[in-house]
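Work through the exercises below with the sequence and the 3D view at hand. Try each task before reading its solution.

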Amino acid sequence: MINLNEIPKEELKLAEDFAIIKHYPDSIAKGLKDKQTGEYIEEAEITMRIFLAGFYAGKRALAKTDV
């Protein structure tokens, strides 16, 4: 499982941006994090993990090809 605390800030920002777009307009009104705990809300966290899984799979695939 992807640990969001171990993701580089630039890549985490991409995942956050994707989650905002995916859950717009709720993400704009509510935000991606719980206001009391500071943790990502479940919908946003799941979306970010899915995005990052695809992102890293793509990076691995590109690393294996001669482009």
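The exercises that follow concern a predicted model.

**Exercise 1. The largest nonpolar core**

Task: Find which residues form the largest nonpolar core, and which helix gives the most to this core.

Solution:
- Step 1. List the members. The largest nonpolar core has 11 residues: Leu4, Ile7, Leu12, Ala15, Ala19, Leu32, Tyr40, Ala44, Met48, Leu52 and Tyr56.
- Step 2. Assign them to elements. Two or more residues of this core come from helix H1 (9–22), and two or more come from helix H3 (42–64).
- Step 3. Pick the main contributor. H3 gives the most, with four residues.
- Step 4. Relate this to a general tendency. In soluble globular proteins, nonpolar side chains tend to be buried together.

**Exercise 2. Leu12 within the core**

Task: Decide whether Leu12 is buried or exposed, and find which residues Leu12 contacts beyond four places in sequence.

Solution:
- Step 1. Locate the residue. Leu12 sits in helix H1.
- Step 2. Compare the accessibility with the cut-off. Buried means under 20% relative accessible area. Leu12 has 15% relative accessibility, so this residue counts as buried.
- Step 3. Name the contacts. With neighbours within four places in sequence left aside, Leu12 is in contact with Leu4, Ile7, Tyr40 and Met48.
- Step 4. Look along the chain. Leu12 and Leu52 are 40 residues apart along the chain, and their C-alpha atoms are separated by 8.2 Å.

**Exercise 3. Ser27 and Leu32**

Task: Find where Ser27 lies, and which residues Ser27 and Leu32 touch beyond four places in sequence.

Solution:
- Step 1. Locate Ser27. This residue is in helix H2 (residues 26–30).
- Step 2. Check burial. Ser27 has a relative accessible area of 8%, so it is buried.
- Step 3. List the contacts of Ser27. Not counting neighbours within four places in sequence, they are Ala19, Ile20 and Leu32.
- Step 4. Turn to Leu32. Beyond four places in sequence, Leu32 touches Glu16, Ala19, Ile20, Ser27, Glu39, Tyr40, Ile41 and Ala44.
- Step 5. Connect this with Exercise 1. Leu32 is one of the residues of the largest nonpolar core, and Ala19, Tyr40 and Ala44 are also among its members.

**Exercise 4. The salt bridges**

Task: State how many salt bridges the structure holds, and find which pair links distant parts of the chain.

Solution:
- Step 1. Count them. There are three salt bridges. In general, side chains of opposite charge can pair when their charged atoms come close.
- Step 2. Take Asp17 and Lys13. Their side chains meet in a salt bridge of 2.7 Å, N to O. The two residues are four apart in helix H1, so about one helical turn separates them. Asp17 is partly exposed at 28%, and Lys13 is partly exposed at 45%.
- Step 3. Take Arg49 and Glu45. Their salt bridge has an N to O distance of 2.5 Å. Both lie in helix H3, four residues apart, about one turn of the helix. Glu45 is partly exposed, with a relative accessible area of 25%.
- Step 4. Take Glu11 and Lys59. Their side chains meet at 3.2 Å, N to O. Glu11 is in helix H1 and Lys59 in helix H3, 48 residues apart, and this pair links distant parts of the chain. The C-alpha atoms of the two residues are 12 Å apart.
- Step 5. Compare the two ends with the cut-offs. Glu11 has 14% relative accessibility and therefore counts as buried, whereas Lys59, at 41%, counts as partly exposed.

Note on methods. Residues numbered from 1 in each chain as written. Predicted model: local features only at pLDDT ≥ 70, side-chain atom pairs only at ≥ 80, totals over all residues. Heavy atoms only, no water. Buried < 20%, exposed > 50% of the residue type's maximum accessible area, 1.4 Å probe, protein only. Contact = heavy atoms within 4.5 Å. Core = buried A, V, L, I, M, F, W, Y, C linked by side-chain atoms within 4.5 Å. Salt bridge = Lys/Arg side-chain N within 4 Å of Asp/Glu carboxyl O.
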